[in-house]
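User: I am new to this structure and would like a close look at a single part of it, namely the place where the ligand sits. Please start there, and then follow the side chains outward into the rest of the chain.

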Amino acid sequence: MLQEMSSLPKSKRDPSPASSVPVPTLIRRLADTHHLSKDEYRQLIDGRTPRAAQMLAEEAVRQREAIYGKDVFTRGLIEISNICKNDCLYCGIRRSNSSCERYRLTPERILACAREGRELGFRTFVLQGGEDPWFTDERLCGIIRQIKGLCPDCAVTLSMGERSRESYRVLREAGADRYLLRHETADKIHYGKLHPTEMSYDNRMRCLKDLRDLGYQVGCGFMVGSPYQTVAELAEDLAFIEAFHPEMCGIGPFIPHHDTPFKDEPAGDLDLTLYLLSIIRLIWPPVLLPATTALGTINPRGRELGILAGANVVMPNLSPVDVRKQYELYDNKICTGEESAQCRGCLEQRIASVGYCLVTDRGDVRRKGFVS
Ligand code: SAH
């Protein structure tokens, strides 16, 4: 490590350990250079105070507005299946949850959701689901082509978990523009504590790299307050985001689900999530940063607070109302009872209530002037 450091030009070396650096100095440096060392990220999280949170949020909002103005982008979320071959310890739709009532939307129903979404003004659809083997490349490609046929100016985002490079390649060829695959944690040991042995950190990272190579706009992300997470793991996550520069980054609080091994674990903290949203905005100002449903679940104004901390995306639910309750990743998930139009209207009002404007264009990343 020492050798590695000394081979870097002096200007690229991380400054000496941050223990002596006051938090406001770290925040100013992050805002100016978009870089801190892992140790400094740790210091910044450890030094969290209401004053520091306010300073970070103000700077995050300023930098976001310089790129995106008052616009908040919207993505229509279609939860296409809760059947999953994986057994992630935190997730309510994990394979071993025998109390979960399973469903899968037919291609016709998925298309009907997209059609309704298009009429409501959506120009981005996110197809999300468990790792359901029924969704072969051939079937998914057919669905992507049909959505693109219906709505050529729409972006199609997939969030269907880990697949082979070849699979990602053909899906991209069929028209998929973006892929969301949270890295979940950038610490390999921590990853092992959240997932069964047949899943691996290395494969997750391989997927993210393949997606990037294939020309997708890629989204990574993690849960705040997942079991065994400490400030050290969060600092790893931030360093990873700094190195990867994802087009999107989904973070939200961990929330326990009553039928999982983590049922008695506490939920993630609202203020810490907001603090991290601001930091991520400053690490990579062009990033598309959703104010997630999980954030809205732990606090009734969570998503509005997320926008005020630096987020700029919301993802209203377009899934058919009769299956929404079954896509239960965690307890008390919001937005499971309303029609799509209501969901959209509700979010529009919430965004307006904090002085922002829900816009309907594709909401592509604007990296002008920023080099990754
Ligand atoms: N199968 C897809 C989609 C997973 S669900 C994939 O692997 O990417 C989308 C995200 O929900 C997950 O990446 C995870 O970060 C989040 N999630 C799952 N269980 C959760 C819980 N209990 N609390 C908060 N977020 C959760």
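Analyst: What follows begins at the ligand and then moves to the charged side chains and a few backbone details.

The model is a predicted one, and the distances and areas below are computed from it. Around the ligand there are 17 residues, of which Tyr90, Gly129, Arg182, Glu184 and Ile255 come nearest. Sorted by class, this shell is made up of 10 nonpolar, four polar and three charged residues.

Polar side chains reach oxygen atoms of the ligand at several points. For Glu184, a polar side-chain atom lies 2.5 Å from a ligand oxygen, and for Arg182 the distance from a polar side-chain atom to an oxygen of the ligand is 2.9 Å. Arg204 also takes part, with an N or O atom of its side chain 3.4 Å from an oxygen atom of the ligand. As for cover, the ligand has 560 Å² of accessible area on its own, and the protein covers 91% of that area.

Arg204 leads from the ligand into the rest of the chain. Besides its contact with the ligand, Arg204 forms a salt bridge with Glu162, in which the closest N and O atoms are 3.0 Å apart. Arg204 belongs to helix α9, which spans residues 201–213, while Glu162 is in the loop between β4 and α7, so this salt bridge ties together parts that are 42 residues apart in sequence. Is this pair buried or exposed? Both Arg204 and Glu162 are buried.

Helix α9 has a further charged link, this time to helix α8. Lys188 forms a salt bridge with Asp202, and the closest N and O atoms of the two are 3.0 Å apart. Because Lys188 lies in helix α8 (residues 188–194) and Asp202 in helix α9, the pair ties together parts that are 14 residues apart in sequence. Lys188 has a relative accessible area of 49% and is therefore partly exposed, and Asp202, at 44% relative accessibility, counts as partly exposed as well.

The loop between β4 and α7 can be followed in turn. Arg163 forms a salt bridge with Asp137, with 2.9 Å between the closest N and O atoms. This pair links distant parts of the chain, as Arg163 is in the loop between β4 (155–159) and α7 (165–173), whereas Asp137 is in helix α6 (residues 137–150), 26 residues away. Arg163 counts as buried because its relative accessibility is 15%, which is under the 20% limit for that term. Asp137, at 25% relative accessibility, counts as partly exposed.

These pairs belong to a wider set, since the structure holds 33 salt bridges. Some charged residues are joined in a network of salt bridges, made up of Lys148, Asp177, Arg178, Arg362 and Asp364.

Arg324 offers a contrasting case. Arg324 lies in helix α14, which covers residues 321–324, and it is buried yet has no salt bridge. The nearest side chain of opposite charge is that of Glu338, 5.4 Å away, and a salt bridge would need a nitrogen and a carboxyl oxygen within 4 Å. What does the side chain of Arg324 reach at 2.6 Å? The partner at that distance is the backbone oxygen of Glu338. A polar atom of the Arg324 side chain also lies 3.2 Å from the backbone oxygen of Cys335.

Cys335 brings in the backbone itself. This residue lies in the loop between α14 and α15 (340–353), and its relative accessible area of 15% makes it buried. Most residues other than glycine have a negative phi. Cys335, however, has a positive phi of about 65° although it is not a glycine. His34 likewise has a positive phi, near 60°, and is a residue other than glycine. His34 is found in the loop between α2 (23–33) and α3 (38–46), and with a relative accessible area of 22% it is partly exposed.

One last pair concerns positions far apart along the chain. Ile283 lies in helix α11 (residues 270–283) and counts as buried, at 1% relative accessibility. The C-alpha atoms of Ile283 and Ser37 are separated by 11 Å, and the two residues are 246 residues apart along the chain.

Conventions: Residues are numbered from 1 along each chain as its sequence is written. This is a predicted model: local features need pLDDT of at least 70, side-chain atom pairs count only at pLDDT 80 or more; totals for chains, interfaces and linings use all residues. Side-chain values use heavy atoms; hydrogens and water are left out. A residue is near a molecule or strand if one of its heavy atoms lies within 4 Å of it. A polar contact is a pair of N or O atoms within 3.5 Å; within protein, one must be able to donate a hydrogen and the other to accept it, and residues adjacent in sequence count only if both atoms are side-chain atoms. Accessible areas come from the Shrake-Rupley method with a 1.4 Å probe; for residues, only the protein chains shown count as cover. Ala, Val, Leu, Ile, Met, Phe, Trp, Tyr, Cys and Pro count as nonpolar, Asp, Glu, Lys and Arg as charged, and the others, Gly among them, as polar. Helices (H or I, at least four residues) and strands (E, at least two) are DSSP runs, numbered from the N terminus. Buried means under 20% relative accessible area, exposed over 50%, partly exposed in between (1.4 Å probe, protein chains only). Lys and Arg count as positive and Asp and Glu as negative; His and the chain ends are not counted.
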